[in-house]
Structures are given as structure tokens and as C-alpha cells.
Amino acid sequence: MNNVILRMAWRNLWRHGKRTWLTVGAMIFSNSLLVFSISLQFGSYEMMIDNSLQAFSGHIQLQHPAYLEQPKIRYAIDNVTDRAQRLRDTLELTSISARAAGFALASSRDRSYGLQILGVDARHEPLVSTLPGLIRRGRYLEPGAREEIVIGSVLARNLRIDIGDELSFLGSGFDDSFAAGVVTVVGIFESGNADLDRSVAQVNLVYFQDSFAMGDAGNSIVIRAAQIDDVEPLMSRLKAELQGSDKVVARDWNELQPGLRQAIRADMTSAWFMYAVLIVLVAFSVLNTQLMSVLERTREFGTMMALGLRPARLARLVMLETGMMTAVGLLLGIGLGALITAYLSVVGFSYPGMAEMSVKFNLPERMYPAISLLSLSLGPLIVACGSLLAAIYPALRLNRLLPIEAMRAV
Amino acid sequence: MSVFQSQARVVLTLSWRNLWRNSRRTGIMLGAIAVGVWAMIFMTALMRGMVDDMLNQGIRNLPGHIQVQHPAFLDDPSVVNSIAEPDSEFRASLDRLGAVRWSTRIKVPAVIASERETRGINLIGIEPAAEDDISGLPALMDTGRFLESDQDQGLIVGARLAERLETRLGKRVVIMSQDPANNIRERGFRIVGIYRAKLPELEEFNVYAARDTLQQLLHIEGRVSQIIVVGDDYRDIEPLYQRLRQLLPATLEARAWYQIDSYLAAMFKMMDGFVLVWIIIIFLALSFGLVNTLVMAIFERVREIGLILALGMRPGLIVYQILLESLLLLLIGLAIGNGIAYASIKPLQGGLDISAVAEGMAMMGASSVLYPKLLAADMILANVVVIVLGIVTSILPAWRAARLDPLRALNAT
């Protein structure tokens with residue numbers, strides 16, 4: 001019996017091949033578009049998060065509770081180097097590094113600029129941040145070495161200095177004393193982010209602590225997780241460990257860079273508005289097709305009812321037809337979408353003006369969509385649900401059908 | 001009345017009546033067209049509003065539509081790379097070129113120190129009277145007063161910087177910078193005003209003082225860093241820019257806003273493309289339903305079409321009638337869609353609060369209130385695309401209907 005219904009539904013579908021194909025066509029179009037744009041979105045969000053966090057802030061930072069709001073040198077964590085080492089041992093994660101930060105006026109022979117000086121652990125900093133890997137000329141800091149500094153390319157140009165030149169800095173230290181020193185430029189980095197390249201310089205943490213009279217204190221311990229999904233378990237472990245301490249708190253990337261998630265959310269919202277419109281339009285198409293196909297079969301349905309078929313059964317037939325149509329649209333749509341996306345995930349995707357935009361969001365100049373089970377199925381499944389919902393009205397109409405009248409219908 | 005006219009009339013009546021023979025189907029299709037057109041116009045208005053806001057703010061932050069400066073200033077924004085204040089001849093020609101507003105400013109890197117903190121900043125010397133048109137700074141004042149003259153001795157800082165420096169209105173801070181001879185120049189300033197920028201990161205870096213005061217401090221009497229020129233409309237700055245360039249001596253360099261900030265330029269350029277792509281995607285999604293409706297309408301009428309063909313109606317008129325039917329459908333759908341779009345955008349004109357994602361918007365360079373912008377050009381574009389492409393997609397079904405063989409059609413079941 002079931003088999004009969006199935007066969008009937010399938011045959012009914014192709015009684016108007018052109019109509020069915022047009023409706024399926026709308027599904028295929030929307031589905032492949034959704035597969036492509038959702039994959040592209042996922043790919044770019046992932047990259048945006050990774051690139052932004054790896055550039056500098058890391059996934060998690062331990063800080064003084066007041067430091068996030070007011071990043072001042074005196075909101076410090078004491079014993080920062082030992083703490084970082086203990087964390088590396090207990091969390092069994094090497095990508096953890098201590099930092100200290102202060103503002104200073106840096107002067108070369110004939111120029112002066114204000115900048116942020118970071119004291120970093122030269123051994124572990126390359127594990128948490130991509131900046132050390134962006135040294136264009138010279139080398140990165142050597143662990144333990146004193147009186148050397150790496151600066152950004154824009155700053156080097158503005159200060160008119162190069163590798164081997166001396167730079168003096170003057171700032172206020174931990175205890176409001178004067179912090180001063182003379183350092184030699186050993187490396188120049190170029191991140192492409194003009195702000196970073198203009199306003200940040202790094203020295204060894206020990207040297208920083210001496211010059212800024214910090215003792216063994218620092219301002220943050222930066223943790224880079226192996227992947228974004230590790231952040232949550234790490235956070236709960238850290239929170240448990242830090243419980244009761246009013247000097248140190250753990251901040252995850254949402255707190256460190258609130259703009260990142262919000263930019264993603266804003267982009268998501270506008271993207272889903274567009275997807276919703278597409279889905280509604282497909283649903284209209286299905287509604288039209290199924291309503292017409294029910295109406296034109298009024299006589300036929302009347303006869304079937306007169307033969308003893310209950311309306312619920314007929315409604316199921318209509319839903320089954322819709323389900324089959326949707327399945328064809330779903331499979332072909334995912335197939336076509338996956339082909340397009342797979343192709344672009346190899347050769348990359350870009351449009352005019354994208355290069356300028358991507359710099360702003362730490363993205364590369366070409367985008368590579370990320371195909372995953374979720375990105376392939378999410379959009380098409382919603383389209384399928386929308387289509388089935390749209391078919392409910394035509395199916396329910398069958399309940400109102402009276403066999404005698406229906407058989408007389410023109 | 002000519003034969004042609006009466007024919008056209010009959011065809012119009014036929015199309016109109018045919019449209020309502022299956023009012024449910026027509027109704028659903030109208031719904032689809034209306035939703036599609038609404039989405040085209042509504043989304044475009046939101047995007048336009050956002051990008052417009054980004055561009056307006058971005059250009060105010062640069063600031064100006066065109067900046068004239070020393071050729072080396074871009075690479076090395078030092079006090080050494082200053083230019084002479086424009087002489088009277090240059091002033092006159094600036095006015096003659098149709099610049100709406102122009103002003104000079106000094107921009108040097110400096111260090112600001114309060115009793116507690118030290119920060120690196122951009123020290124900007126302005127002509128206060130012109131700022132309203134140039135950076136919009138006077139409107140951003142939060143507390144205190146704006147600078148009153150070119151010789152004002154006060155200093156204006158951002159709210160965030162004041163917080164970072166642990167200082168406030170009325171307090172003194174020390175500004176340090178360099179003069180062209182590489183001597184560190186410093187002096188105390190009283191903070192007379194605090195501003196709040198729409199993009200908070202700017203508050204931390206831009207500190208404003210009066211131009212002449214800074215010229216004295218930096219020992220650059222009669223010299224400035226930049227001449228800022230504002231034209232009528234940033235979208236149409238090219239003529240002014242070209243004329244200005246021809247006028248400038250080789251020792252000066254002019255840059256238009258789209259050269260200064262490539263992100264803004266990319267947004268500006270991409271916007272039109274985005275609108276077109278969005279409209280076409282929606283249309284494509286719609287077109288399946290449209291063709292479907294027409295194909296079915298023709299299918300139902302095969303016998304009828306056969307009959308009128310047999311009675312001698314020319315196939316051309318059949319095409320005409322079906323296209324007219326499609327056009328009527330599109331026009332009614334468009335009218336409803338435009339109406340809904342207008343009705344849904346109108347109440348949002350006062351601004352749509354999206355402060356939930358304020359910092360994300362700031363990352364894109366937009367503020368947290370979105371003002372939808374309904375452009376006549378976008379509305380026309382959407383309507384024209386739907387009508388033209390709609391008719392084009394209807395041609396094939398119409399043409400096939402006209403080519404029916406009357407005898408076979410009459411016998412169709």
C-alpha cells in the first residue's frame with residue numbers, strides 16, 4: 001500500500017514536468033546560492049577570528065581586574081614570569097606568554113614619537129602572536145638579551161632609523177618614576193596594519209621590568225589556544241584556579257575584542273535577512289505549484305474519496321509529493337552548490353574592492369570558502385522546511401473536500 | 001478609432017481578465033513579487049544608509065574631500081614637512097574653484113602627559129571657525145567649550161583620552177613635540193573641552209588646539225601641515241580635484257578622499273555593484289515562479305488559444321497578449337512592493353538602533369544608529385530590472401504559445 005502511494009506521488013509530480021522542474025529550479029538556485037554564501041561566511045569568520053586574535057591579543061589573557069577598562073601600567077600582576085611558567089605546566093600548553101606594557105616617547109637622532117612599548121618573553125611570544133614572525137628585516141628579540149628593541153616599519157620610517165641604530169625612550173614607570181633607556185633596533189616588523197606598525201615596539205620583559213621599575217610584575221599573561229573550541233574549557237579551568245583572587249582575572253577574546261563578535265553578528269544578521277527573503281520566495285513558488293496541483297485534481301480527488309480514501313490520506317499524498325520535490329531540489333542544490341564552492345575553495349574568490357576591505361578585518365585578499373557538513377546542509381534544510389510548511393495549506397484544503405461536489409467540479 | 005487601437009484595447013481587456021481567471025494563483029504570484037521587490041528596496045535602503053554613514057564619518061575623520069600637503073608628509077608626518085600658509089593669490093583661486101570650504105591645519109605627532117599618565121597622540125592645530133564644515137568637531141563636544149579663535153590657548157581632548165590620563169575638564173596637561181630643528185618643545189595647556197567621537201578609538205588619539213598657538217609652540221610661524229578642502233558633495237569631487245591639481249605648484253601634493261582612505265573608496269565603489277547583484281539575485285529567485293505562472297496559464301488555455309488562432313487572430317497578438325498579462329502582473333506586484341517598502345522604511349527614518357553590535361559596527365567604521373536611505377535611483381533600478389527582465393523571461397513561453405498549431409491545440413485535452 002505504501003508503495004502505491006509512493007509511486008502515485010512520484011508520478012503525480014511528473015504529470016506537469018515543466019512546472020515541477022521550474023519549482024525545483026527555484027530550489028536548486030536558492031540552495032546552491034545558500035551553500036556558497038554560508039560556506040564563504042563561515043570561512044571568513046573563522047579566518048577573521050583567527051587572524052585578529054593571533055595578531056596580538058591571543059584567545060585568553062590573565063589581567064588585573066581593572067586593566068581591561070584602564071590599561072595602565074600600575075594595574076599589574078605580580079610574579080608574572082613564574083605564574084606564566086606554572087600555567088604552562090598545569091595547562092600543558094606552551095603557547096602562554098607574559099607581557100608588560102607602557103607608553104613612552106621614543107626618540108631617534110632627529111625625530112620623536114609617542115608609542116606603546118611592550119615587554120615580552122622572547123622565548124614564548126612567537127607562540128602566542130604572529131607579530132614576531134612578521135620581521136621583515138633584522139631579527140626578533142633574543143631571549144634574555146638586553147637593550148634591544150624591535151619596531152614596526154612605519155615607526156622606523158617616521159623615526160628615520162634602521163637596524164643597528166639607537167633609540168632612546170622616556171616614559172613614566174610603575175611607581176610614577178621616570179622610565180628611560182637607550183636601546184638598539186635589531187628588527188623591523190611589518191604587519192600591514194598601519195596602526196600596529198606605527199605605534200608598537202617590543203623589548204625583552206626583564207629589561208622592561210628594570211627600566212619601568214616593575215620588579216617581577218607584568219600586565220598580562222597571553223594564552224593562545226590550539227583552536228577556538230578549546231577556549232571555553234580553558235576558561236572554566238582558569239576561573240576555577242583563580243577563584244578567590246582579587247588581583248587576577250581571566251578574560252576571553254570576547255571581552256578582549258568585543259568588536260570582533262559584534263561585527264560577525266552584524267554581518268550574520270544582514271546575511272540572514274537576505275537568506276530569509278530567498279527562502280520565502282521559494283516557499284511562494286512551492287505554495288503556488290502545490291495549490292494549483294491540488295485544485296486541478298479536484299475531480300480526481302473526489303473520485304478517490306468516493307472510493308473510500310480518507311482526506312488525511314490525500315493530504316499525506318500531497319505532502320509526500322512536496323517532500324519528493326523538495327528532496328530533488330535539496331540534493332541537486334547541495335550538489336551544485338558544493339561543486340561551485342569546492343572549486344572556489346581551491347582557486348579562491350575575490351571581487352573588486354575586496355582587497356581594501358579585507359585589510360580592515362584582518363582577512364587575506366582572496367577568500368577561500370570553508371565547506372563543512374553544516375555549511376552544506378544548513379541553508380538547504382531550511383529551504384526544505386519552508387517548502388514543506390508552504391505545502392500545508394494546499395494539503396489541509398483537502399479536508400474540506402466533499403466527494404460528490406468535487407466529482408462535479410470543472 | 002483605428003483597427004490597431006481597437007485591437008490593442010481588446011487584447012488589454014483579454015489580458016486583464018485572463019489574469020483574474022485564476023485569482024489564487026495570481027494572488028500568490030503577486031505576493032511573491034511584492035515580497036521580492038520589498039526586500040530589494042528595503043535592504044538596499046539599509047545598506048545605503050550604513051555605507052553613507054560610514055563614508056560621511058570616514059571623510060570627516062580624514063578630514064576633508066581633498067587634502068593639500070607637502071609631498072613627503074604622507075610618509076613622514078613630521079613638522080619638518082610643513083607648507084607655507086596659502087597666500088592671497090592661492091586663497092582667491094581656491095574660492096574661485098568652487099571649494100565650499102577650506103581651512104589649514106597642523107598635524108604633528110606629540111606626547112601628552114597628565115600628572116599620572118603619558119600617551120602618544122596626534123596633535124592637531126585647527127582654525128576653529130571652519131571645523132563645523134570640515135570635521136564636525138563642534139557638534140561632538142561633550143563638556144566644556146569649543147575653541148574660539150585661531151589664538152585660543154585651550155586644548156580639546158577626547159573623553160577616552162581624558163579617562164586614560166586620569167584628568168578632566170579644567171586640568172592642565174603638558175604637551176611635548178618637536179620643532180623643525182629637532183628641539184623638544186613643551187608647554188602646559190588647560191583642557192577647555194572634551195569631545196565624544198562616534199568612533200571611540202579616535203578619542204584616544206586626536207587632540208585639538210588652535211592653529212596659531214601651535215605655530216608658536218612648534219616655531220613654525222606662517223606654516224601649516226595641510227590645507228583641507230571640502231567640496232559640494234564627496235561623490236562628485238573629481239572636477240574640483242583636477243582643477244585644484246593643475247593649480248598647485250610642484251612642491252605641493254593634493255590627494256582626494258578616495259586616495260587617502262582606500263577602504264572608504266572600496267566601500268563607495270562596491271555599493272552600486274552590491275545593489276545590482278542583490279536585485280538580480282532576488283529577481284532570479286522570482287523568475288522561476290513567474291515563468292511557472294505563465295506556463296501554467298498558457299497550458300490551461302491551450303484549446304482556447306487554438307480556437308482564437310483558428311478564428312484568425314494573428315500569432316503576434318497572442319505574444320502581445322501574454323506579454324501584456326505578464327506586464328500587468330509585474331506592475332501590480334511592483335506597486336504593492338514599492339508601497340510596502342516605502343511604508344516600512346518611512347517609520348525607520350528616525351534611525352534604527354543597533355547599539356547591540358555597536359563595537360562591531362565601529363570596526364566597520366559605522367555608528368550604532370542606522371538611518372535607512374531611500375534613493376530614488378535605487379527604487380527605479382529595482383523596478384526597471386524587474387520589468388525588463390520579467391518581460392524578457394516571459395518572451396519564451398509567449399512565443400511558444402503563439403506557435404501552437406491551431407488544429408492540435410483545439411484537440412488537446
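**Figure 1. Arg185(B), a partly exposed residue in a predicted model.** With 17 C-beta neighbours inside 10 Å, Arg185(B) counts as partly exposed, since that label covers residues between the exposed limit of 12 or fewer and the buried limit of 20 or more. This is a predicted model, so keep that in mind for every panel here. Arg185(B) sits in strand 8 of chain B. Which residues does Arg185(B) contact, once its neighbours within four places in sequence are left aside? They are Ser177(B), Gln178(B), Asp179(B), Leu217(B), Leu218(B) and His219(B). Don't look for Ala376(B) in this close-up: the C-alpha atoms of Arg185(B) and Ala376(B) are 55 Å apart, with their positions 191 residues apart in sequence.

**Figure 2. Pro180(B), in the loop that leads to strand 8 of chain B.** Here we've moved to the loop between strand 7 (172-178) and strand 8 (184-195) of chain B, where Pro180(B) lies. Pro180(B) has 14 C-beta neighbours inside 10 Å and therefore counts as partly exposed. Setting aside residues up to four places away in sequence, Pro180(B) touches Val79(B), Val80(B), His219(B) and Ile220(B). His219(B) may ring a bell, as Arg185(B) is in contact with it too. Also worth finding is Asn81(B): it is 99 residues from Pro180(B) along the chain, yet their C-alpha atoms are separated by 8.7 Å.

**Figure 3. Helix 2 and helix 10 of chain B, packed together.** This pair brings together residues 23-61 (helix 2) and residues 262-300 (helix 10) of chain B. Their axes are 10 Å apart, and the packing angle is about 175°. Parallel or antiparallel? Helix 2 of chain B comes out roughly antiparallel to helix 10 of chain B because of that angle. The contact between helix 2 and helix 10 of chain B divides into 23 nonpolar residues, five polar and one charged.

**Figure 4. A cis peptide bond between Leu62(B) and Pro63(B).** Zoom in on the backbone and you'll find omega at about -10° for this bond. Pro63(B) belongs to the loop between helix 2 and strand 1 (66-69) of chain B.

**Figure 5. Where domain 1 of chain B meets domain 2 of chain B.** The domain assignment of chain B gives domain 1 as 3-58 + 265-411 and domain 2 as 64-260. Taken over C-alpha atoms, the centres of these two domains of chain B are 50 Å apart. How many residues does each domain of chain B give to the contact? Domain 1 of chain B gives seven residues and domain 2 of chain B gives five. On the domain 1 side, helix 2 and helix 10 of chain B each supply at least two residues. That side of domain 1 of chain B divides into four nonpolar residues, three polar and no charged.

**Figure 6. The side of chain A that touches chain B.** The contact takes 50 residues from chain A and 53 residues from chain B. Elements giving two or more residues to the chain A side include helix 2 (17-57), strand 2 (96-107), strand 3 (112-120) and helix 10 (258-295) of chain A. Which of the elements gives the largest share of that side? It's helix 10 of chain A, with 21 residues. By type, the chain A side divides into 24 nonpolar residues, 16 polar and ten charged.

**Figure 7. Helix 2 and helix 12 of chain A, end to end.** Helix 2 of chain A has 41 residues and spans 58 Å from its first C-alpha to its last, close to the 60 Å expected at 1.5 Å a residue. Following helix 2 of chain A is Gly58(A), with a positive phi near 75°. Helix 12 of chain A (residues 311-347) has 37 residues and reaches 53 Å, close to the expected 54 Å. Just after helix 12 of chain A comes Gly348(A), where phi is positive at about 90°.

**Figure 8. Positive phi at Glu92(A) and at Ala213(A).** Neither residue is a glycine: phi is near 50° for Glu92(A) and near 55° for Ala213(A). Glu92(A) is in the loop between helix 3 (80-91) and strand 2 of chain A. It counts as exposed because it has 7 C-beta neighbours inside 10 Å. Ala213(A) is in the loop between helix 7 (205-211) and strand 9 (220-223) of chain A. With 16 C-beta neighbours inside 10 Å, Ala213(A) counts as partly exposed.

Notes
Residues numbered from 1 in each chain as written. Chains lettered and ligands numbered in written order. Predicted model: local features only at pLDDT ≥ 70, side-chain atom pairs only at ≥ 80, totals over all residues. Contact = placed C-beta atoms within 7 Å. Helix = DSSP H or I, 4+ residues; strand = E, 2+ residues; numbered from the N terminus. Nonpolar A, V, L, I, M, F, W, Y, C, P; charged D, E, K, R; others polar. Axes fitted to C-alpha atoms, helices over the stretch in contact; angles between N-to-C directions. Parallel < 35°, antiparallel > 145°, perpendicular 65-115°, else oblique. Expected span 1.5 Å × (residues − 1). Domains from an automatic or database assignment.
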